[in-house]
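User: Please take a close look at one part of this model for me. I am new to it, so keep the steps short and clear.

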Protein chains: 4
Amino acid sequence: MPMTPPNGKTAILLLHSPLRQGIAASLTEFIYEHGGHIVGHDQHVDPENQLYFSRVEWSMEGFGIAEDDLAEVFEHRLARPYQMTWQLHFSDEVYRMAIFVSRASHCFFDILSRHQSGEWNVEIPLVISNHPDLEPAAHRAGIDFHCLPIGPDNKQAQEVKQLALLEEKGVDFIVLARYMQILSGAFISHYVNRIINIHHSFLPAFKGARPYHAAHARGVKLVGATAHYVTEELDDGPIIEQGITRITHTNSIDDLIRKGRDVERLTLARAIWCHIQRRIIVSNGRTVVFSD
Amino acid sequence: MPMTPPNGKTAILLLHSPLRQGIAASLTEFIYEHGGHIVGHDQHVDPENQLYFSRVEWSMEGFGIAEDDLAEVFEHRLARPYQMTWQLHFSDEVYRMAIFVSRASHCFFDILSRHQSGEWNVEIPLVISNHPDLEPAAHRAGIDFHCLPIGPDNKQAQEVKQLALLEEKGVDFIVLARYMQILSGAFISHYVNRIINIHHSFLPAFKGARPYHAAHARGVKLVGATAHYVTEELDDGPIIEQGITRITHTNSIDDLIRKGRDVERLTLARAIWCHIQRRIIVSNGRTVVFSD
Amino acid sequence: MPMTPPNGKTAILLLHSPLRQGIAASLTEFIYEHGGHIVGHDQHVDPENQLYFSRVEWSMEGFGIAEDDLAEVFEHRLARPYQMTWQLHFSDEVYRMAIFVSRASHCFFDILSRHQSGEWNVEIPLVISNHPDLEPAAHRAGIDFHCLPIGPDNKQAQEVKQLALLEEKGVDFIVLARYMQILSGAFISHYVNRIINIHHSFLPAFKGARPYHAAHARGVKLVGATAHYVTEELDDGPIIEQGITRITHTNSIDDLIRKGRDVERLTLARAIWCHIQRRIIVSNGRTVVFSD
Amino acid sequence: MPMTPPNGKTAILLLHSPLRQGIAASLTEFIYEHGGHIVGHDQHVDPENQLYFSRVEWSMEGFGIAEDDLAEVFEHRLARPYQMTWQLHFSDEVYRMAIFVSRASHCFFDILSRHQSGEWNVEIPLVISNHPDLEPAAHRAGIDFHCLPIGPDNKQAQEVKQLALLEEKGVDFIVLARYMQILSGAFISHYVNRIINIHHSFLPAFKGARPYHAAHARGVKLVGATAHYVTEELDDGPIIEQGITRITHTNSIDDLIRKGRDVERLTLARAIWCHIQRRIIVSNGRTVVFSD
């Protein structure tokens with residue numbers, strides 16, 4: 001529920017907890033009693049698992065708790081009593097996104113376009129690839145590019161380098177823009193629910209390699225794409241967004257690849273948008289997306 | 001926000017009002033303090049017009065205000081102070097729907113199918129038509145059918161008969177299932193925001209008669225349908241739902257009509273569903289649809 | 001390519017064959033030289049498998065080969081030399097469709113509605129079910145209904161009865177309108193590419209039982225339906241049509257089932273339309289659908 | 001009907017003419033008798049206006065008519081007798097596209113991305129704008145940029161300069177990528193059916209300025225975009241492609257603008273693809289698009 005366009009800085013609280021009567025009222029009262037003006041409040045209840053989810057955004061102008069104290073006060077006053085899992089963000093924090101690519105450029109270029117046109121409030125300090133092909137494009141966009149090829153024996157060593165670069169650049173989340181390598185569990189553990197992958201099928205159909213070939217062989221009438229957070233189990237992480245497009249018997253595998261590119265671009269862009277807007281909560285392998 | 005599946009009877013409050021800080025909290029507190037258990041709460045704020053919209057549903061089991069007193073108490077305690085426009089419903093009230101038809105049967109049959117399969121919690125006591133064609137189908141479904149032909153001179157007289165029938169059958173709302181007559185303002189005034197029409201174009205394109213012919217002539221690549229509440233201005237009422245389907249240069253006008261039928265059926269059915277679920281609020285010529 | 005609206009009786013030839021240069025010209029010349037006026041000609045070439053597919057429709061008015069001789073002449077003149085697999089239909093043949101149902105009524109009622117409104121040129125002489133629930137609805141529609149319950153031990157015997165009924169009623173093809181029994185290979189062999197099933201997922205995702213439950217557990221953002229010809233391998237037959245609808249985290253399993261019903265209805269109806277229009281050719285486990 | 005992937009150079013013939021029996025056969029015979037191997041043949045018949053449309057593509061390898069003579073031979077042998085309107089293209093001709101922009105960058109960047117990733121076989125020698133804002137982006141992409149501001153008095157003079165630049169750069173067609181100026185009839189006459197505009201509504205709804213504002217005011221549940229060839233009548237040219245996306249009551253005008261951008265990008269890109277693939281024929285204010 002968007003309420004008013006925020007003026008100045010806002011706080012955004014994403015949380016979930018066991019469902020208890022009055023939890024929503026306690027949450028809004030906490031904000032009101034300190035003079036906060038709520039500019040957006042989305043809620044969801046999962047009746048099956050008796051869980052409460054909320055995204056609440058309020059103006060920090062005149063709010064009675066200092067920004068630096070807010071986390072501690074909230075933890076004490078609400079999070080602990082209600083057993084909340086929560087994140088606190090402020091609207092002037094700009095996420096720093098790293099992009100991992102291989103050779104395919106369409107998602108990468110689409111991300112750069114949106115970034116360049118100011119569509120997203122995000123910084124892109126780093127591109128990592130296992131191939132050198134997209135280095136010129138990264139440099140044209142003024143972004144550091146590191147080529148770290150992955151062979152049969154060096155994956156662990158290269159991931160150590162990747163992690164060091166991510167650390168150095170202060171990266172908040174990673175987008176795998178058709179990056180054709182599987183990340184290790186150890187790597188993923190540093191960025192849980194902060195690595196977004198685009199898979200070129202409507203999962204759970206056609207997991208793994210060459211989904212357009214498999215789709216063509218099966219004779220489906222739709223092809224799709226799935227943006228999801230990466231987990232150790234391949235193509236099995238929490239789904240953020242999915243899209244499809246219609247195909248017919250006239251379409252070759254190359255046509256599927258071509259038509260699929262538009263679905264991939266758009267599905268990934270929507271997922272990134274929701275992530276940087278702090279609209280996603282992950283719970284039990286699924287997402288709550290307070291989309292707009 | 002659906003909270004828990006309701007056990008037993010629930011109250012459903014649909015309201016809108018000028019936006020005031022704390023209005024949401026006042027609303028939920030009113031329910032809690034009388035022992036109500038909220039099972040669903042959807043809200044919307046229109047920042048441009050500074051309006052607040054809400055649909056709240058709570059269990060009447062153990063609720064401290066008797067059903068018969070609730071409207072009066074609510075009016076006194078909340079509606080008047082907050083200048084709310086509101087409706088109160090109870091989950092055991094079953095809406096009574098009249099269907100107006102002409103000759104085209106596809107929307108009519110679709111409605112009967114959904115009714116018969118138990119998809120909708122609604123009663124259909126009355127079908128009115130300006131043609132006799134669909135009488136047998138109405139009778140097979142066990143529904144009263146009245147043929148009231150409209151000529152150049154008898155419209156007012158026939159509308160009087162229609163209103164008498166609607167009154168007699170205790171009709172709550174009317175569905176124009178491709179009824180090819182224009183209702184007078186006088187008639188509409190008895191059922192404001194309670195007459196749903198399906199127009200066979202994506203309004204505001206192709207208002208009026210023969211939209212598929214106009215769409216074909218213009219060479220559009222999409223045809224659509226619009227379900228809206230009827231107002232005196234033709235095809236200009238608040239839009240509840242719209243749908244489209246793709247067409248190509250190979251499609252004749254007859255193909256458009258055929259393909260459009262599926263969009264009409266589905267768009268109308270979705271609008272009816274939202275209406276009988278009490279999910280629609282009309283304000284300033286537009287709808288807030290708390291859809292699921 | 002629809003050419004002109006056919007006047008009077010037309011012949012429809014569906015064929016596929018190895019691709020040979022000039023095959024299309026030979027086909028159209030065969031029709032022209034006997035005075036046939038082509039009213040529609042769709043073609044497809046599968047370059048990968050070097051196959052040619054065609055659907056050609058021409059007016060029988062003044063055509064120089066008698067209807068009864070046409071198949072033999074065509075076989076001799078074209079089909080044998082070009083190794084064609086083919087079917088010949090005439091526009092005045094009306095397909096006879098049997099419907100198999102269980103308890104769910106939504107697809108069944110949708111089919112009856114379309115039949116009743118004259119949307120399809122088809123006869124429905126027979127409904128077979130393993131439950132008695134839908135007998136009254138079949139009778140209201142004037143269709144014979146046979147209840148043949150399937151238990152652990154009687155499947156073969158019941159299929160013998162089913163086949164006898166289908167034979168007796170002169171059934172051309174069968175629609176499984178959410179029929180919850182698996183047909184044996186022996187049964188299917190009598191109606192190869194003439195049994196259309198609707199599965200309530202976007203295959204190959206969520207094969208088998210309870211796909212909406214599986215979709216909900218996986219947290220997908222789309223649910224779908226697939227109409228396909230039945231083969232011995234469950235949910236693995238040639239796909240005719242697929243549809244999807246968007247869902248969100250707010251939707252329960254019941255919501256998925258409800259929203260999915262509309263996709264199932266529509267997807268099945270489109271598949272039936274293409275089948276009765278003789279627009280589908282099956283080859284190598286996939287379909288060529290000359291859709292309109 | 002794509003037949004085989006072309007090896008080497010192909011000829012592409014786009015034509016339409018009055019419908020005459022045997023016209024398709026004459027066309028394919030003409031190609032066969034000179035040793036041409038057809039790699040794709042799409043046809044359409046407009047029965048209402050008795051028109052025949054065709055796109056045929058064949059390999060020039062071993063073809064018995066020299067490339068330079070082909071147009072003349074075809075004109076003499078087929079085009080004149082059948083009164084065909086036609087265009088002849090060869091697959092090694094690369095279209096040269098000019099882009100007109102104003103300040104909005106999303107369509108412009110999307111075009112550059114697709115060009116850069118090799119998705120389109122097209123050259124972009126020229127960008128013209130009435131504002132200087134996008135000059136740096138054009139230069140980064142290595143494309144000439146000319147700023148020609150349009151005021152109340154200089155439109156005709158600036159169009160003369162535009163035409164000179166287009167001529168100088170050998171431009172084949174123009175894309176108005178959210179160019180916010182109206183072209184004069186005189187200008188358009190130089191590029192009939194060769195100027196593609198993207199309008200940010202599903203035409204004919206919301207012609208003219210500020211369609212998202214109008215859509216929001218009307219309360220529609222869908223917003224769309226339309227790619228069309230530019231004619232003198234504003235927003236009234238032959239429609240090539242249309243797309244839509246769903247919106248709800250929660251969406252502000254800014255949300256519509258944001259969501260609409262994705263529809264604009266994609267709809268324009270599809271139209272450009274069809275144009276450079278020589279898949280579009282214009283007739284009577286409508287398009288035949290042999291899309292894939």
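Analyst: Start with B:C147, which counts as partly exposed because its relative accessibility is 31%. This is a predicted model. The closest cysteine sulfur to that of B:C147 lies in B:C107, 19 Å away, so the two are too far apart for a bond. A disulfide needs the sulfur atoms within 2.5 Å. Now take A:C107. This residue is buried, because its relative accessibility is 2%. The closest cysteine sulfur to A:C107 is in A:C274, at 16 Å, so a bond is ruled out here as well. Over all chains, the structure holds zero disulfides.

Next comes the meeting of chain C and chain A. A turn of 180 degrees and a shift of 0.0 Å along the axis lay chain C on chain A, with an RMSD of 0.0 Å. The two copies are therefore related as by a two-fold rotation axis. In chain C, C:A205 has the C-alpha nearest that axis, 2.3 Å from it. Both copies use the same surface: 100% of the contact residues of chain C recur in chain A.

Contact joins 33 residues of chain C with 33 residues of chain A. Together the two chains bury about 2700 Å², with 54% of it on carbon and sulfur atoms. C:R218, C:K221 and C:H249 supply 26% of the area that chain C buries there, more than any other three residues.

Four salt bridges cross this interface. One of them pairs the side chains of C:E241 and A:R246, at 2.6 Å from N to O. There are also 19 residue pairs in polar contact. On the side of chain C that touches chain A, β11(C) gives the largest share, seven residues.

Terms used: Residues are numbered from 1 along each chain as its sequence is written. Chains are lettered from A and ligands numbered from 1 in the order in which they are written. This is a predicted model: local features need pLDDT of at least 70, side-chain atom pairs count only at pLDDT 80 or more; totals for chains, interfaces and linings use all residues. Side-chain values use heavy atoms; hydrogens and water are left out. Buried means under 20% relative accessible area, exposed over 50%, partly exposed in between (1.4 Å probe, protein chains only). Copies are superposed by least squares on the C-alpha atoms of residues with pLDDT of at least 70 in both. Contact means heavy atoms within 4.5 Å. Buried area is the accessible area (1.4 Å probe) that two parts lose on being put together, summed over both. A polar contact is a pair of N or O atoms within 3.5 Å; within protein, one must be able to donate a hydrogen and the other to accept it, and residues adjacent in sequence count only if both atoms are side-chain atoms. Helices (H or I, at least four residues) and strands (E, at least two) are DSSP runs, numbered from the N terminus.
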